[in-house]
Amino acid sequence: MTITSLATAWNTQSPHQTAQEACQQFHWSVFPIDEDKKPLQTGGIHPNGTPKRMGWKTFQTRKPSVQEIQNWQDIYTPAAWAVITGTINNIIILDFDGAAGQETCQRLNLRPHLITGSGGAHVYFAHPGWSVQTLNSKSQKELGRRWPGLDIRADGGYAAFCGRNTNGAYVWLRDPRPEDLTILPEDLRSFLGILHAPASKSSMVKSGTSAPEPSDNKPALAIANTLVRRALTMIRKEGSGRNDAGFWLACQLRDNHYPQQTAQKVMQSYIEQVPAENTKGKIEPYTIEEALASLSSAYREQAREAWVVQSPLAGSSGGNGKGMARTAVAQGDNQELPEIILGADQLRDLTNQAIDAVSRIEKLAPSLFMQSSRLVRIGHDEVKRPVVTQMGITEVKEVLTHSANYFRLRKIPNSDGEFAKIPCSPAKEIAEQILARQTQRPYLPFPALQAIVETPVIRPDGSILDQPGYDAATRLYYAPHPQLGQCKVPDHPTREERQAALALIMDTIGDFYYVGEADRANALGLLLTPILRPAIKRHIPLALLDAPKPGTGKGLFADVVSIIATGGSASILTATDNEEEWDKRITAMLIQGRTIISIDNIAGRLQSAKLDAVLTADIHEGRLLGQSTMVKVHNRATWIATGNNIRLGGDLGRRCYRIRFDPHDSRPWLRRDFKHEDLATWVQEHRGVLIEALLTLARAWYADGQPEAAGLPTVGGTFTGWAKTIGSVLTHAGVTGFLSNLEQLYEEADEGNAQWEAFLQTWIERFGSEWITVAELVEAITDRENAAGSCFADILPDALQYALKEKSASFKIRIGKALDKRVDTCYGRENLHLEKTLDKHNKKSLWRVFAGSAGSASPLTRSENPQTIQENEHIYSSGQNHFPHSPQAITGETASSDYTSAANTLFSSQDNEQIAGCDEQLPANNDDREVFEI
């Protein structure tokens, strides 16, 4: 049998590399196991004497990141890795064990994908799209009797796929491309439940079958919880009374065919959550008797069409029947949809009818929005995470087919002018007209969307957005993970509640190798940022997760931030040297509605004009990947960058804050004393309480009047709102040191500034305040026989040193351009800066270095001492023998194209005499002074 290259690689490389490749290439959810094929032992013993093992159930609903896989490898060095079977990976595995299993496999004429350590065979199949039970031939006797040695790994199961067990290694025979289920015999498919999809809920309703108990059925429980949340929203936001909302809830439970006894349990949950005040604001308990009276009244009537409840992923299930249902109830038959007859009206009228039909459904639960003049819809990716998808003609037609029935009229032969309605698809012209109204009258009626959030967030008024769906106040769409549940946060947290919340958060992130107090405070500030993002009006700086070497937990911390904020790992943006690629990648991330974006594993310098721009932009305009189309999209993301000893270029230095880790250990990844050894999994399992803790800190600050913290470091103007909000919340919670390492970051991050500071300082020591040409500067640098020249060459910034050594012929041109780019740019604490003017007589640019703010009149000279400086300051202040002028004022006729600015300085008469004696520089006349002053 021929072995493919991928199978060869998987058989020869390290098992954890295979696991990472399966995660990246096939998007598999995987986890490590022991040689006995059980989840890894994590240390410790249960009260019953059994060892504690890794919890793997969470990976049935989320996929680990490559960083998590590496962390498991570093911590445990597992013997083997398992793949989750079922809907999350869209695979089913038939497992043939022993000689009997081999015979069954041959009888079914199947080719194994891999051979197990004990000699068994695994065959991979595509998942059918509905829940399939994991079966074992030992416990399912009928399966063992009819197909000896066969087990099926499906929903709720897993199977080892690389590494080794106690009997030997797993060997791949061919690529893990799943087979089609149709190659299996019909009787086996029927027995395994993969021949036909199970009966839908709508067929149960039509046949008179009662809905299952919510406690026994997750979709039914989700529907009940959604109905209760909707009733509570009617009270809190729409002004309905508790009785009215309770009666509405009772009717919906009836219309969803819940047994009355089950409905009583749901009503009890509603009673526990309703406000204690009545509509008049007076404290008046809402009793079980009132709720049961509403329930009895509702159940005396016949069931009606139920309220439509659309999930965050409405209309995008892909036909697999998994996740939350599109509607909480059986919708009406197609004949209940409005009818649109094509060809009977003008195109504009047909378009209006189609939009009205779509709006009728959208009013119940919005899923279509306008974002940056684009019609978009909330969809989901392959791991069920919400994304923003742009609507094209095909997508619009899909929406139209679910909102109305379309027909064409055909004349009936041999009839007296009678016509028959022939069903048809929506016309392409209607979809085109709808898209044309994105930017022109009459505009589309859909609400504006700013971003998707996957966790409860703080609104600008301090309230909490925790109801799934669209929030008009913030223009956000809240799409929580189904397992998150409802976060309960007190409106006025007590001091004890605030301290408990802070203790839980620090317990979670306290084991990282923070360099100092500022890094720890900044880390907590990063966790708070996604929660408080809607309440921050302007921009958010880039969080630098920095360390001196790999293995210190930078990627893990980024994952922790993302798991809390989104339920999954961060979206990875790879750094590039190409600005056009930066633009396209940033645009692709933002257009999908990503709220956490991580620039991972930066090697060397991080510098990008596009990244500079997006960090200070409310709306990013960029080019789509693979297209020449320009789009505009809101930037509400939280940006993270990870790397080792990150160096910054361009304007990034003032658009970042740093969280630095330093273990002071040559092998930090071998550390074993973590409180939560598998932190990412622990955070995923406790995500709800961690979100509640962060919200509690924020609510405590708002409830106490939003006190502004004093003494916060000054940051860039557009980041002031973020710094004040986050810093004040932290200070109110008792956390100190926030952003106190900014000055150190500014000094260390961009080594180019330090190099230019040293270069200009050496220039002052050599030339003082003299005006010199580039030729004189180059001569001083290249004169190796002169001690000053040697010093100059050694102190050149890196780029100029390279130009001097490798491209000496063009060095004069390069240093001239470098000086031009830095005119009036201040360096160091003395604000050293270059000034430039023009010698009109010789038509040459002249340069000198000043200390002080740009345009000041305080040149430093080589011979100045404190006494001289004091005397000079007295002369400058008295104005004796000085007048403002430039050595040569610039005119339109003689100005060179590279001229940047003229110096505004004060000269002594002695200076003027020296300049007059120089053939390259003449004193300014009265006309020149007048022009300059103007």
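A residue counts as buried under 20% relative accessible area, as exposed over 50%, and as partly exposed in between. Keep that definition at hand for the exercises below, which explore a predicted model.

**Exercise 1. Classify R146, E142 and D187 by their relative accessibility.**

Step 1. Start with R146: its relative accessibility is 30%, so R146 is partly exposed.

Step 2. Turn to E142, where the value is 29%; E142 is therefore partly exposed.

Step 3. Finish with D187, which has 40% relative accessibility and so counts as partly exposed.

**Exercise 2. Find the salt-bridge partners of R146, and work out how each partner is placed along the chain.**

Step 1. Recall the principle: side chains of opposite charge can pair when their charged atoms come close.

Step 2. Look at E142, which forms a salt bridge with R146; the closest N and O atoms are 4.0 Å apart. Both residues sit in helix α5 (residues 141–146), and because they are four residues apart, about one helical turn separates them.

Step 3. Now look at D187, whose side chain meets that of R146 in a salt bridge of 3.9 Å, N to O. D187 belongs to helix α6 (residues 186–192) and R146 to helix α5, so this pair ties together parts that are 41 residues apart in sequence.

Step 4. Put the pieces together: a network of salt bridges links E142, R145, R146 and D187. The structure holds 18 salt bridges.

**Exercise 3. Decide whether R174 and E179 are buried or partly exposed.**

Step 1. Locate the pair: R174 and E179 meet through their side chains in a salt bridge, at 2.7 Å from N to O.

Step 2. Compare each value with the cut-offs. R174 has 10% relative accessibility, so R174 is buried. E179 has 22%, so E179 is partly exposed.

**Exercise 4. Trace the open sheet of five strands and the helices lying across its strands.**

Step 1. Follow the strand order, β24-β25-β29-β23-β31, noting that the pairing is parallel.

Step 2. Find the edges: β24 (571–573) and β31 (656–660) each pair on one side only. From one strand to the next, the twist averages 25 degrees.

Step 3. Zoom in on β25 (residues 596–602) and β29 (residues 638–644), a parallel pair with five bridges. Here I599 stands opposite A641 of β29.

Step 4. Add the helices. Helix α16 (residues 517–532) lies across β23 (542–547), β25, β29 and β31, at about 120 degrees to β31. Helix α18 (residues 579–591) lies across β24, β25 and β29, at about 170 degrees to β24.

Methods. Residues numbered from 1 in each chain as written. Predicted model: local features only at pLDDT ≥ 70, side-chain atom pairs only at ≥ 80, totals over all residues. Heavy atoms only, no water. Pairing = 2+ DSSP bridges. Helix = DSSP H or I, 4+ residues; strand = E, 2+ residues; numbered from the N terminus. Axes fitted to C-alpha atoms, helices over the stretch in contact; angles between N-to-C directions. Contact = heavy atoms within 4.5 Å. Buried < 20%, exposed > 50% of the residue type's maximum accessible area, 1.4 Å probe, protein only.
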